[in-house]
Amino acid sequence: MINYHVSFNLVSPYQPSGDQPQAIDKLVAGLKSGQKHQTLLGVTGSGKTFTIANVIQQTQLPTLVISHNKTLAGQLYQEFKELFPQNHVSYFVSYYDYYQPEAYIPASDTYIAKEVEINDLIDKLRLEATSNLYSGPDNIVVASVSCIYNIGDPREFGKKTLNFKIGDPWVRRTLFEQLVGLYYSRSELEFKRGSFRVRGDSLEIWLAYADWIVSLEFDESGKIKSILERHPFSGQENILKNFILFPAKQFVGASADSKEIFEKIKSDCAFQVEKFKSENKILEAHRIQQRVDYDLEMLAEMGFVNGIENYSIYFEKDRSTGDPPYTLVDYFKHLYGDQFLTVIDESHVTVPQIGGMYSGDVARKKTLVDFGFRLPSAYDNRPLRFEEFNQKINQTIYVSATPASYEIEKSSGQVIEQVIRPTGLVDPPITVRTTKNQIPDLINEIKNRVDKKERTLVVTITKKMAEDLSKYLADYTKTGHHFKVAYLHADIDTIDRSSILDKLRSGDFDVLVGINLLREGLDLPEVTLVAVLDAGQQGFLRSKSSLIQIMGRASRNINGQVILYSDTTSDAMSEAIKEVTRRRQIQLAYNQEHGITPETIIKSIRPQIISRPEKAEIKPLIDVNFDSLTPNQKKTHLSKLKKEMREYAANLDFESAIKIRDRIQELSA
């Protein structure tokens with residue numbers, strides 16, 4: 001295990017250069033003077049992450065970094081982990097591999113039960129994040145927008161810990177009960193993360209939040225004789241004098257009288273039943289009564305029920321109906337007060353995403369409550385409203401190459417530009433070309449890049465165009481050229497996106513065709529051409545901000561170039577070209593003044609945080625004669641059905657996913 005420092009210790013062979021020193025100085029001065037909102041307008045490739053790392057180093061503030069998707073959050077996590085190897089750097093994103101939310105579709109009278117598959121690694125990393133926060137102030141947590149969802153009261157999480165010291169006496173039965181109270185399970189046969197087992201005079205605990213096993217050895221009187229931590233795979237061992245064990249779940253709940261909680265739930269159910277009856281909604285009244293009776297019976301017998309989060313308000317101490325939920329932000333607030341920093345990466349996208357989460361959640365739950373599938377308490381298991389989020393954070397830095405008016409206004413003029421890149425690279429030259437013969441022209445440009453072993457990004461405006469163009473380019477074999485092409489759009493999940501981008505960088509692909517995913521934060525130094533089709537179209541995909549972000553993908557290579565295909569010049573095009581040209585002129589003048597020769601960024605391809613094997617082609621399997629299969633074939637078939645189910649869910653075809661899920665349950669019975 002890392003011997004963490006109490007203070008942040010930035011480790012890097014590089015020193016701030018270009019525009020970074022002045023940006024760092026201004027941001028630090030703003031924070032020290034109490035400035036609540038600042039904006040870092042940093043062009044692509046200017047080292048915004050390194051700038052923020054230096055700000056953290058100089059201010060020593062625990063930091064929450066929020067990104068708008070898992071791919072970029074993973075990239076930031078790896079970068080901060082490299083920059084602060086001796087400090088706590090954590091990763092906190094949604095832990096679902098497969099998530100089908102509970103919903104009801106009145107038009108077709110279709111009820112969709114909640115179905116989830118949790119990614120074990122991400123679950124561990126989330127637990128590691130909250131445990132790290134209690135382990136010292138030197139914390140950087142890189143999170144997606146899932147950090148504004150309910151995870152339980154941090155005060156209760158902090159209370160539910162076990163402290164082990166050499167010489168402490170323990171009654172074995174009491175210790176086991178306390179471990180179970182922290183959601184660790186006893187497992188003698190299948191020892192795994194989040195479980196414990198007994199070996200003679202030793203008790204072994206596999207931590208839920210780290211790849212370490214803690215072994216406690218007791219003497220004859222029941223006192224702890226030694227504490228040893230061991231890595232289950234490498235075999236590395238460390239001798240400890242004391243150890244703090246954190247819970248195996250984030251939502252631990254407050255200690256409360258279950259009888260009192262059950263009576264409250266029954267009372268609220270009775271009120272809802274009477275309300276439905278008074279409105280002559282007899283079916284809804286029967287439905288909610290049946291649901292609550294079943295859930296309470298399961299809670300009494302098993303201590304858990306699918307959808308338990310809809311009753312979370314009853315188990316949370318000091319939280320009333322309508323109060324904001326406890327989220328990861330509350331951990332920072334509880335532990336550090338206002339002495340922490342919030343960094344919102346790609347703020348022009350992330351801020352609106354944070355603001356929109358609550359409305360989508362409440363709309364889905366309103367249907368469930370109105371039709372008798374859930375009690376109104378379901379509303380209280382929710383993300384933060386935007387105003388609630390703003391009340392919980394304090395000092396904030398918005399980071400973007402194209403900050404929106406919201407961030408600029410909140411920053412009250414404290415917008416720090418970081419236009420000069422440490423590498424001396426300048427923004428790419430921009431060429432506007434007619435759409436006449438645009439595909440032959442594009443092919444010719446791609447050929448030139450392939451001959452030089454360089455990469456090309458092509459940005460279309462629709463998914464179908466991306467697919468058709470990628471197929472056309474892949475089939476193009478004239479003059480002996482055969483392009484290796486892939487396309488990228490929203491139907492491709494996060495892990496596969498990362499894999500495709502890595503393959504582009506490594507040369508497995510020459511061309512990547514996409515829509516709106518070839519924008520923020522993608523670090524592709526091998527790309528020398530960005531071609532934008534339908535650049536003059538009006539709308540979000542061709543706004544000034546979007547165009548500047550797209551153009552930025554060509555700014556990490558000295559040969560970078562942007563081609564905009566359009567027969568008209570829209571206002572957005574004109575403004576984007578004007579802004580990129582302004583930045584380019586500043587950069588060229590700086591290079592000339594300081595005698596700098598630009599250099600292409602050279603960056604290794606990092607291993608992915610989460611990876612999986614290549615997906616095989618999935619064909620419909622629901623009608624296979626299951627009884628005719630051997631036991632091993634049945635097991636394989638069920639595995640394929642689960643993959644098929646996840647494919648339907650990824651394409652938002654939840655009704656087909658339900659059919660597959662029901663078939664799996666039928667065959668597994």
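Two strands are taken to pair if DSSP finds at least two bridges between them, and in this predicted model that criterion is met by strand S1 (residues 37-42) and strand S18 (residues 395-400), which run parallel and share 5 bridges. Within this pair, leucine 41 lies opposite serine 400 of S18. Both strands belong to an open sheet of 7 strands, whose order is S3-S8-S2-S17-S18-S1-S19 and whose pairing is parallel. Strand S3 (88-92) and strand S19 (415-418) form the edges of this sheet, each of them pairing on one side only. On average, and with direction ignored, neighbouring strands of the sheet are turned by 20° against each other.

The chain as a whole contains 20 helices and 25 strands. Of its 669 residues, 51% are buried, and the accessible surface comes to about 30,900 Å², with carbon and sulfur atoms contributing 51% of that area. Among contacts with a separation of 6 or more, 74% are made by residues 24 or more positions apart.

A further open sheet is built from 6 strands in the order S10-S11-S12-S13-S14-S15, with mixed pairing. Strand S10 (185-186) and strand S15 (237-240) occupy its edges, and because each has a single partner strand, one side of each is left without a neighbour in the sheet. Helix H6 (residues 172-181) packs on this sheet, where it touches S10, strand S11 (195-199), strand S12 (202-206) and S13, and the direction of H6 makes about 160° with that of S11.

Within the same sheet, S13 pairs with two strands for which the bridging can be described in detail. On one side, S12 and S13 are antiparallel and are joined by 5 bridges, with serine 202 opposite glutamate 217 of S13; the two strands are connected by a hairpin through 6 residues. On the other, strand S13 (residues 213-218) and strand S14 (residues 224-230) are also antiparallel, here with 6 bridges between them. In this second pairing, valine 214 stands opposite glutamate 229 of S14, while serine 215 has leucine 228 of S14 as its bridge partner. The hairpin of S13 and S14 has 5 residues between the strands, and glycine 222 in this hairpin adopts a positive phi near 90°. Strand S13 is largely enclosed by the rest of the structure, since 5 of its 6 residues are buried.

Parallel pairing is also found around strand S23 (residues 511-514), which is joined by 4 bridges to strand S21 (residues 455-459) and likewise by 4 bridges to strand S22 (residues 485-488). Glycine 514 of S23 takes part in both pairings, as the bridge partner of valine 459 and as the residue opposite leucine 488. In a regular strand the side chains alternate between the two faces of the sheet. In S23, Val511 and Val513 point one way whereas Leu512 and Gly514 point the other way, and all of these residues are buried.

The largest nonpolar core comprises 53 residues, and the members with the most contacts inside it are Phe164, Tyr184, Leu203, Leu245 and Leu328. Helix H10 (residues 328-336) gives the most to this core, supplying 5 residues. A second core, separate from the largest one, holds 34 residues, including Ala53, Leu61, Leu76 and Phe80.

Burial is also pronounced in helix H17 (residues 544-551), which is mostly covered, with 6 of its 8 residues buried. The buried residues of H17 are Ser546, Leu547, Ile548, Gln549, Ile550 and Met551.

With regard to cysteine, a search of the whole structure finds 0 disulfides. Cysteine 147 has a relative accessibility of 1% and therefore counts as buried, the cut-off being under 20%. Cysteine 269, also at 1% relative accessibility, counts as buried for that reason.

Conventions
Residues numbered from 1 in each chain as written. Predicted model: local features only at pLDDT ≥ 70, side-chain atom pairs only at ≥ 80, totals over all residues. Heavy atoms only, no water. Disulfide = S-S within 2.5 Å. Buried < 20%, exposed > 50% of the residue type's maximum accessible area, 1.4 Å probe, protein only. Contact = heavy atoms within 4.5 Å. Areas by Shrake-Rupley, 256 points an atom, 1.4 Å probe, with all protein chains shown as cover. Axes fitted to C-alpha atoms, helices over the stretch in contact; angles between N-to-C directions. Core = buried A, V, L, I, M, F, W, Y, C linked by side-chain atoms within 4.5 Å.
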